[in-house]
Amino acid sequence: PGAGRLSADPASPFEYAEPRNAEDRELLLRLDPQSLICVPLTSHHFIFGAITFVVSGAARKYSADDLTVAEDFARRASIALENARLYEEAKEGDRRKDEFLATLAHELRNPLAPVRNALDIVRKAGIDAKVSTKAFAVIERQIGHMARLVDDLLDLSRLMRGKVQLRPERLYLRDVIMRAIETARPLIDSQGHELVLSLPKNPVELYADPVRFDQIISNLLNNAAKYTEPGGVIRLVAKTRGQELVIDRKSVV
(Lines give C-alpha, C1' and ligand atoms only; values in the text may rest on other atoms or scores of the structure.)
Protein backbone atom coordinates (compact mmCIF):
# COMPACT_ATOMS: atom_id res chain seq x y z
CA PRO A 1 0.00 0.00 0.00
CA GLY A 2 1.24 3.48 -0.79
CA ALA A 3 1.83 6.06 1.86
CA GLY A 4 -0.65 8.89 2.13
CA ARG A 5 0.92 10.90 4.97
CA LEU A 6 4.43 10.66 6.38
CA SER A 7 5.46 11.63 9.90
CA ALA A 8 9.03 11.49 11.20
CA ASP A 9 9.94 10.20 14.64
CA PRO A 10 12.95 12.22 15.86
CA ALA A 11 14.15 9.25 17.93
CA SER A 12 14.26 6.88 14.95
CA PRO A 13 15.98 6.85 11.54
CA PHE A 14 12.73 5.58 10.00
CA GLU A 15 9.63 7.36 8.75
CA TYR A 16 6.23 5.90 9.43
CA ALA A 17 3.69 5.68 6.60
CA GLU A 18 -0.03 5.68 7.19
CA PRO A 19 -2.36 3.89 4.71
CA ARG A 20 -4.01 6.11 2.13
CA ASN A 21 -7.50 4.70 2.63
CA ALA A 22 -9.59 2.15 4.54
CA GLU A 23 -8.88 -0.63 2.02
CA ASP A 24 -5.11 -0.24 2.41
CA ARG A 25 -5.47 -0.15 6.20
CA GLU A 26 -7.55 -3.35 6.16
CA LEU A 27 -4.96 -5.08 3.96
CA LEU A 28 -2.16 -4.15 6.35
CA LEU A 29 -4.14 -5.40 9.32
CA ARG A 30 -4.75 -8.75 7.62
CA LEU A 31 -1.00 -9.05 7.02
CA ASP A 32 -0.44 -8.57 10.75
CA PRO A 33 2.69 -6.48 10.18
CA GLN A 34 5.28 -6.43 12.93
CA SER A 35 7.59 -4.17 10.93
CA LEU A 36 7.33 -2.39 7.57
CA ILE A 37 9.58 -0.59 5.13
CA CYS A 38 8.15 1.47 2.25
CA VAL A 39 10.73 2.87 -0.20
CA PRO A 40 9.97 5.04 -3.26
CA LEU A 41 10.65 4.21 -6.90
CA THR A 42 12.06 7.32 -8.52
CA SER A 43 13.09 8.53 -11.95
CA HIS A 44 14.77 11.91 -12.44
CA HIS A 45 13.70 12.93 -8.92
CA PHE A 46 10.09 12.03 -9.69
CA ILE A 47 8.38 9.37 -7.55
CA PHE A 48 6.35 7.02 -9.75
CA GLY A 49 5.72 4.19 -7.30
CA ALA A 50 6.83 2.46 -4.13
CA ILE A 51 7.92 -0.95 -2.84
CA THR A 52 6.69 -2.14 0.55
CA PHE A 53 8.41 -4.81 2.65
CA VAL A 54 6.46 -6.34 5.54
CA VAL A 55 7.44 -8.68 8.37
CA SER A 56 4.33 -10.59 9.52
CA GLY A 57 3.77 -12.89 12.47
CA ALA A 58 7.25 -12.57 13.90
CA ALA A 59 8.87 -10.59 16.63
CA ARG A 60 11.71 -9.40 14.38
CA LYS A 61 11.74 -5.78 13.29
CA TYR A 62 13.55 -4.22 10.36
CA SER A 63 16.85 -2.54 11.15
CA ALA A 64 18.74 0.37 9.59
CA ASP A 65 20.75 -2.18 7.58
CA ASP A 66 17.51 -3.60 6.21
CA LEU A 67 16.47 -0.10 5.18
CA THR A 68 19.76 0.36 3.31
CA VAL A 69 19.23 -2.92 1.44
CA ALA A 70 15.62 -1.96 0.63
CA GLU A 71 16.68 1.45 -0.69
CA ASP A 72 19.38 -0.15 -2.85
CA PHE A 73 16.83 -2.63 -4.20
CA ALA A 74 14.42 0.22 -4.98
CA ARG A 75 17.14 2.12 -6.87
CA ARG A 76 17.93 -0.94 -8.96
CA ALA A 77 14.23 -1.58 -9.59
CA SER A 78 13.73 2.05 -10.61
CA ILE A 79 16.56 1.83 -13.13
CA ALA A 80 15.19 -1.43 -14.55
CA LEU A 81 11.67 -0.02 -14.86
CA GLU A 82 12.93 3.21 -16.42
CA ASN A 83 14.97 1.24 -18.96
CA ALA A 84 11.93 -0.88 -19.78
CA ARG A 85 9.85 2.30 -20.26
CA LEU A 86 12.47 3.84 -22.54
CA TYR A 87 12.70 0.61 -24.53
CA GLU A 88 8.93 0.55 -25.04
CA GLU A 89 8.99 4.21 -26.09
CA ALA A 90 11.76 3.45 -28.60
CA LYS A 91 9.76 0.52 -29.99
CA GLU A 92 6.65 2.68 -30.28
CA GLY A 93 8.68 5.39 -32.03
CA ASP A 94 10.00 2.84 -34.54
CA ARG A 95 6.47 1.56 -35.13
CA ARG A 96 5.13 5.07 -35.78
CA LYS A 97 8.08 5.82 -38.05
CA ASP A 98 7.48 2.63 -40.08
CA GLU A 99 3.77 3.44 -40.43
CA PHE A 100 4.61 7.01 -41.46
CA LEU A 101 7.10 5.84 -44.09
CA ALA A 102 4.68 3.22 -45.42
CA THR A 103 1.95 5.87 -45.76
CA LEU A 104 4.26 8.30 -47.54
CA ALA A 105 5.54 5.60 -49.89
CA HIS A 106 1.95 4.80 -50.83
CA GLU A 107 1.02 8.46 -51.28
CA LEU A 108 4.12 9.22 -53.38
CA ARG A 109 3.00 6.68 -55.96
CA ASN A 110 -0.40 8.29 -56.49
CA PRO A 111 0.79 11.49 -58.28
CA LEU A 112 2.97 9.48 -60.66
CA ALA A 113 0.04 8.11 -62.66
CA PRO A 114 -1.47 11.49 -63.71
CA VAL A 115 2.04 12.83 -64.44
CA ARG A 116 2.78 9.87 -66.71
CA ASN A 117 -0.63 10.24 -68.34
CA ALA A 118 -0.06 13.96 -68.99
CA LEU A 119 3.38 13.27 -70.44
CA ASP A 120 1.89 10.74 -72.86
CA ILE A 121 -0.53 13.43 -74.02
CA VAL A 122 2.07 16.15 -74.65
CA ARG A 123 4.30 13.70 -76.56
CA LYS A 124 1.66 13.27 -79.24
CA ALA A 125 2.32 15.11 -82.49
CA GLY A 126 0.01 17.99 -83.44
CA ILE A 127 -1.48 18.31 -79.98
CA ASP A 128 -3.85 21.23 -79.41
CA ALA A 129 -2.35 24.12 -77.40
CA LYS A 130 -5.21 24.08 -74.88
CA VAL A 131 -4.77 20.36 -74.30
CA SER A 132 -1.01 20.69 -73.81
CA THR A 133 -1.50 23.64 -71.44
CA LYS A 134 -3.92 21.56 -69.37
CA ALA A 135 -1.49 18.61 -69.36
CA PHE A 136 1.37 20.80 -68.17
CA ALA A 137 -0.88 22.21 -65.44
CA VAL A 138 -1.56 18.63 -64.27
CA ILE A 139 2.16 17.89 -64.19
CA GLU A 140 2.93 21.08 -62.28
CA ARG A 141 0.16 20.44 -59.75
CA GLN A 142 1.14 16.82 -59.14
CA ILE A 143 4.85 17.67 -58.83
CA GLY A 144 3.91 20.24 -56.19
CA HIS A 145 1.93 17.51 -54.45
CA MET A 146 4.96 15.20 -54.50
CA ALA A 147 7.26 17.97 -53.26
CA ARG A 148 4.99 18.43 -50.24
CA LEU A 149 5.20 14.71 -49.49
CA VAL A 150 8.98 14.72 -49.82
CA ASP A 151 9.11 17.66 -47.38
CA ASP A 152 7.20 15.50 -44.92
CA LEU A 153 9.70 12.71 -45.46
CA LEU A 154 12.67 14.99 -44.80
CA ASP A 155 11.21 16.50 -41.63
CA LEU A 156 13.02 14.18 -39.22
CA SER A 157 11.32 15.47 -36.07
CA ARG A 158 7.83 14.64 -37.38
CA LEU A 159 9.16 11.47 -38.97
CA MET A 160 10.22 10.15 -35.56
CA ARG A 161 6.88 11.12 -34.02
CA GLY A 162 4.91 9.67 -36.92
CA LYS A 163 3.08 12.98 -37.30
CA VAL A 164 1.73 14.57 -40.46
CA GLN A 165 1.58 18.35 -40.54
CA LEU A 166 -1.68 19.92 -41.65
CA ARG A 167 -1.71 23.19 -43.59
CA PRO A 168 -5.38 24.13 -43.89
CA GLU A 169 -6.63 26.84 -46.21
CA ARG A 170 -9.88 28.02 -47.78
CA LEU A 171 -11.00 25.60 -50.50
CA TYR A 172 -13.99 24.88 -52.66
CA LEU A 173 -15.28 21.32 -52.65
CA ARG A 174 -15.61 21.01 -56.42
CA ASP A 175 -12.00 22.11 -57.00
CA VAL A 176 -10.65 19.56 -54.51
CA ILE A 177 -12.82 16.76 -55.90
CA MET A 178 -11.74 17.47 -59.46
CA ARG A 179 -8.05 17.43 -58.48
CA ALA A 180 -8.55 14.10 -56.70
CA ILE A 181 -10.29 12.69 -59.77
CA GLU A 182 -7.34 13.89 -61.84
CA THR A 183 -5.04 11.78 -59.62
CA ALA A 184 -7.23 8.68 -59.78
CA ARG A 185 -8.38 9.01 -63.41
CA PRO A 186 -5.57 6.90 -65.00
CA LEU A 187 -6.43 3.87 -62.85
CA ILE A 188 -10.19 4.35 -63.36
CA ASP A 189 -9.77 4.55 -67.13
CA SER A 190 -7.36 1.59 -67.26
CA GLN A 191 -10.07 -0.59 -65.65
CA GLY A 192 -12.74 0.65 -68.05
CA HIS A 193 -14.87 2.12 -65.25
CA GLU A 194 -17.44 4.87 -65.56
CA LEU A 195 -17.21 7.57 -62.89
CA VAL A 196 -20.48 9.23 -61.87
CA LEU A 197 -20.13 12.35 -59.74
CA SER A 198 -22.83 13.94 -57.57
CA LEU A 199 -22.00 17.22 -55.82
CA PRO A 200 -24.12 19.85 -54.05
CA LYS A 201 -25.57 22.44 -56.45
CA ASN A 202 -24.37 25.39 -54.39
CA PRO A 203 -20.62 26.01 -53.88
CA VAL A 204 -19.33 24.41 -50.70
CA GLU A 205 -16.43 26.17 -48.98
CA LEU A 206 -14.05 24.18 -46.79
CA TYR A 207 -11.18 24.96 -44.46
CA ALA A 208 -8.85 22.01 -44.99
CA ASP A 209 -5.41 20.89 -46.13
CA PRO A 210 -5.67 20.57 -49.94
CA VAL A 211 -2.96 17.89 -50.22
CA ARG A 212 -4.42 15.72 -47.44
CA PHE A 213 -7.96 16.17 -48.79
CA ASP A 214 -6.72 15.14 -52.23
CA GLN A 215 -5.12 12.05 -50.67
CA ILE A 216 -8.33 11.03 -48.95
CA ILE A 217 -10.54 11.33 -52.05
CA SER A 218 -8.01 9.90 -54.52
CA ASN A 219 -7.37 6.91 -52.23
CA LEU A 220 -11.12 6.39 -52.00
CA LEU A 221 -11.38 6.38 -55.81
CA ASN A 222 -8.25 4.28 -56.33
CA ASN A 223 -9.55 1.60 -53.98
CA ALA A 224 -12.90 1.63 -55.77
CA ALA A 225 -11.11 1.25 -59.13
CA LYS A 226 -8.95 -1.61 -57.84
CA TYR A 227 -11.71 -3.66 -56.25
CA THR A 228 -14.52 -3.08 -58.74
CA GLU A 229 -14.85 -5.59 -61.56
CA PRO A 230 -13.59 -4.13 -64.88
CA GLY A 231 -16.20 -2.07 -66.69
CA GLY A 232 -18.06 -1.11 -63.51
CA VAL A 233 -19.62 2.15 -62.41
CA ILE A 234 -18.13 4.16 -59.54
CA ARG A 235 -20.42 6.71 -57.93
CA LEU A 236 -18.88 9.48 -55.83
CA VAL A 237 -21.48 11.37 -53.80
CA ALA A 238 -20.87 14.45 -51.62
CA LYS A 239 -23.61 15.88 -49.38
CA THR A 240 -23.76 18.57 -46.73
CA ARG A 241 -25.43 17.90 -43.38
CA GLY A 242 -25.51 21.12 -41.43
CA GLN A 243 -21.87 22.03 -40.85
CA GLU A 244 -20.65 18.58 -41.91
CA LEU A 245 -19.62 17.27 -45.31
CA VAL A 246 -20.26 13.59 -46.07
CA ILE A 247 -18.48 11.93 -49.00
CA ASP A 248 -19.33 8.40 -50.05
CA ARG A 249 -18.57 6.15 -52.98
CA LYS A 250 -20.39 3.12 -54.34
CA SER A 251 -19.33 0.64 -56.96
CA VAL A 252 -21.78 -0.99 -59.35
CA VAL A 253 -20.82 -3.81 -61.73
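This report describes selected local features of a predicted model.

## Helix 1 and its ends

Helix 1 spans residues 22-31, and its N-terminal end is capped by Asn21. The cap rests on a side-chain oxygen of Asn21, which lies 3.2 Å from the backbone nitrogen of Glu23. Beyond the helix comes Asp32, a residue with a positive phi near 55°.

## The loop between strand 3 and strand 4

Strand 3 covers residues 33-43, and the loop between strand 3 and strand 4 contains His44. His45 is also placed in the loop between strand 3 and strand 4. His44 is not a glycine, yet its phi is positive, at about 55°. For His45, likewise a residue other than glycine, phi is positive and near 65°.

Are these histidines buried or exposed? His44 has a relative accessible area of 70% and is therefore exposed, since the class begins over 50%. His45 counts as exposed because its relative accessibility is 84%.

## A nonpolar surface patch

Three residues, Phe46, Phe48 and Leu81, make up a nonpolar patch on the surface. Together they present about 310 Å² of accessible area. Phe48 belongs to strand 4, which runs over residues 46-56. With a relative accessibility of 38%, Phe48 is classed as partly exposed.

## Salt bridges within helices

The model contains seven salt bridges. One of them joins Arg85 to Glu82, with the closest N and O atoms 2.6 Å apart. Both residues lie in helix 2 (residues 64-109), and because they are three residues apart, about one helical turn separates them. Residues three or four places apart in an α-helix point the same way, because the helix has 3.6 residues a turn. The two partners fall into separate accessibility classes: Arg85 is partly exposed at 37% relative accessibility, whereas Glu82 is buried at 12%.

In helix 6, the side chains of Arg185 and Asp189 also meet in a salt bridge, with an N to O distance of 3.4 Å. Here the residues are four apart, so the separation is again about one helical turn. Arg185 is partly exposed, with a relative accessible area of 30%, and Asp189 is partly exposed at 43% relative accessibility. A network of salt bridges links Asp72, Arg75 and Arg76.

## Glu182 and the contact between helix 4 and helix 6

Which residue meets Arg141 in a salt bridge? The partner is Glu182, and the N to O distance between the two side chains is 2.4 Å. This pair links distant parts of the chain, since Arg141 is in helix 4 and Glu182 in helix 6, 41 residues apart. Arg141 has a relative accessible area of 35% and is partly exposed.

Glu182 has a relative accessibility of 16% and so counts as buried, a class that requires a value under 20%. The side chain of Glu182 takes part in a further interaction, a polar contact of 2.9 Å with the side chain of Gln142.

## The second largest pocket

The second largest pocket holds about 300 Å³ of space. Its lining is formed by 14 residues, and those closest to its centre are Asn117, Ile121, Lys134, Val138 and Glu182. Which elements give two or more residues to this lining? They are helix 3 (112-123), helix 4 (129-154) and helix 6 (173-190).

Glu182 thus connects two parts of this description: Glu182 is among the residues closest to the centre of the pocket, and its side chain forms the salt bridge with Arg141.

## Gly192 and Pro230

After helix 6, Gly192 is found in the loop between that helix and strand 6 (194-198). Gly192 is partly exposed, as its relative accessible area is 45%. Where does the chain bring another residue to Gly192? The C-alpha atom of Pro230 is separated from that of Gly192 by 5.8 Å, although the two residues are 38 residues apart along the chain.

Notes:
Residues are numbered from 1 along each chain as its sequence is written. This is a predicted model: local features need pLDDT of at least 70, side-chain atom pairs count only at pLDDT 80 or more; totals for chains, interfaces and linings use all residues. Side-chain values use heavy atoms; hydrogens and water are left out. A polar contact is a pair of N or O atoms within 3.5 Å; within protein, one must be able to donate a hydrogen and the other to accept it, and residues adjacent in sequence count only if both atoms are side-chain atoms. Patches are made of residues with over 30% relative accessible area and no salt bridge: like charges are joined within 9 Å, nonpolar side chains (Val, Leu, Ile, Met, Phe, Trp, Tyr) within 5 Å. Accessible areas come from the Shrake-Rupley method with a 1.4 Å probe; for residues, only the protein chains shown count as cover. A salt bridge is a side-chain nitrogen of Lys or Arg within 4 Å of a carboxyl oxygen of Asp or Glu. Buried means under 20% relative accessible area, exposed over 50%, partly exposed in between (1.4 Å probe, protein chains only). On a 1 Å grid over the protein atoms alone, a cavity is a set of points where a 1.4 Å probe fits but cannot get out, and a pocket is an open set with protein on both sides within 12 Å along at least five of seven lines; lining residues have an atom within 4 Å of a point. Grid points are joined across faces, edges and corners, and a volume is the space filled by probe spheres set on the points.
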